[in-house]
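Biologist: Could you take a close look at one part of this model for me, and explain each term as you go?

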Amino acid sequence: MREQSVMLALIRSALWGTTPPENADTAMAETQRQALVPLLFPDSSEAMRYSAHYIRILFAQDELVALMDSANIPMVILKGSAAAIYYPEPFRRTMGDIDFIVPQDRFQEASVLMSENGYQMTHDLDDTGRHRCYRKDGIDFELHHHYSFEGIDVERYVTEGLMHRETVATEGHSVPILPPVENGIVLLAHAASHLRSGLGLRQVIDWMMYVHSVLSDELWENHFKSLASDCGLETLAITMTRMCQMHLGLCCQIDWCNNADEQLASDLLENLLTTGNFGHSLGSDSNIENVTTNIKRYGLFRYLQIAGEHNWKAYHKHRWLKPFCWFYQIFRYARQGFKAGRNGSQLASDLTRADSRYDLLTRLGID
């Protein structure tokens, strides 16, 4: 699509100083879907709002870090500022909430400390037990108990990195982050986790700027490669980096991704442009494609059970309902299907896209 080509050219121009494309404004809608407005349209009023939010995030992090330090609870920021530091102008990286992690044996202590200091809990631990959500002064916080995703186990490296955390300066603020290798593993795992629902260019650019700033041939061969392989993410790292070289202008002098499958790299780009940021480009179709992809991945009954346990609020209060979660999910999908009013050809199209995504995940080693 024309607007997507313009957006890719804008990315190359914003990050590497290439000639900006004509008719840049035609890519605004696509840029908004991909959450890249501050990077690609820095003079727009929308970008100014994002920049103001970025500054608020930094001050909120200062307050949070000081609170944890007061109780001697180690913590590091995940993604967010820990990704923005690799950008030429960190404030042009779109910011959402504040993700951070503490040692697992200090999690409950950190949770109580936050509750006692004006942070209102908005979501308790879900079935994965990954994080607890809080809100204060209009900023959302995710206190992580652990960071791994199903099938993507990075916990050992996050835990070790937390014990050797570093502090970096950005915009006059100090941010505690994981050491460079472990920080890169988190950014890579974050991209991998979103491949199942809709990888966005923001996650890809986070990875690209990390590679440009940190991941030399020497570091890859001597350290990073073995960690990525251990986590099942080596193929994704190589393919995504080659994709960035081919289509997003990454030009750092590295050889470690030269053996990438370039067709797979192009297929990855096509998938992320189709699904958009978190699947937003597909609109209501995204959920249907996700369902069919996950059914192929887990099997029908297992996925119905997993989804039912996640979605059924009554089960969250009454755990004895667990054997019936799969049945609840069937009725939930039936209601959604009637509301969507999808016909046979539309469902066939959904299944075709799901087959394509599942094939992509398999080829990347993340099925």
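Modeller: Trp 320 counts as exposed because its relative accessibility is 61% (exposed means over 50% relative accessible area, buried under 20% and partly exposed in between, with a 1.4 Å probe and protein chains only). The model is a predicted one, in which local features need pLDDT of at least 70 and side-chain atom pairs count only at pLDDT 80 or more, while totals for chains, interfaces and linings use all residues. Residues are numbered from 1 along each chain as its sequence is written, and side-chain values use heavy atoms, with hydrogens and water left out.

Trp 320 sits in the loop that runs between helix 15 (313–317) and helix 16 (325–340), where helices are DSSP runs of H or I with at least four residues, numbered from the N terminus. Together with Phe 324, Phe 327, Ile 330 and Phe 331, Trp 320 forms a nonpolar patch on the surface, and these residues have about 570 Å² of accessible area together (Shrake-Rupley method, 1.4 Å probe, only the protein chains shown counting as cover). Such a patch joins nonpolar side chains (Val, Leu, Ile, Met, Phe, Trp, Tyr) within 5 Å, or like charges within 9 Å, from residues with over 30% relative accessible area and no salt bridge, that is, no side-chain nitrogen of Lys or Arg within 4 Å of a carboxyl oxygen of Asp or Glu.

Another loop residue can be set beside Trp 320: Thr 19, between helix 1 (2–16) and helix 2 (28–33), is exposed because its relative accessible area is 68%. The C-alpha atoms of Thr 19 and Ala 9 are 8.3 Å apart, with 10 residues separating the two along the chain.

Conventions
Helix = DSSP H or I, 4+ residues; strand = E, 2+ residues; numbered from the N terminus.
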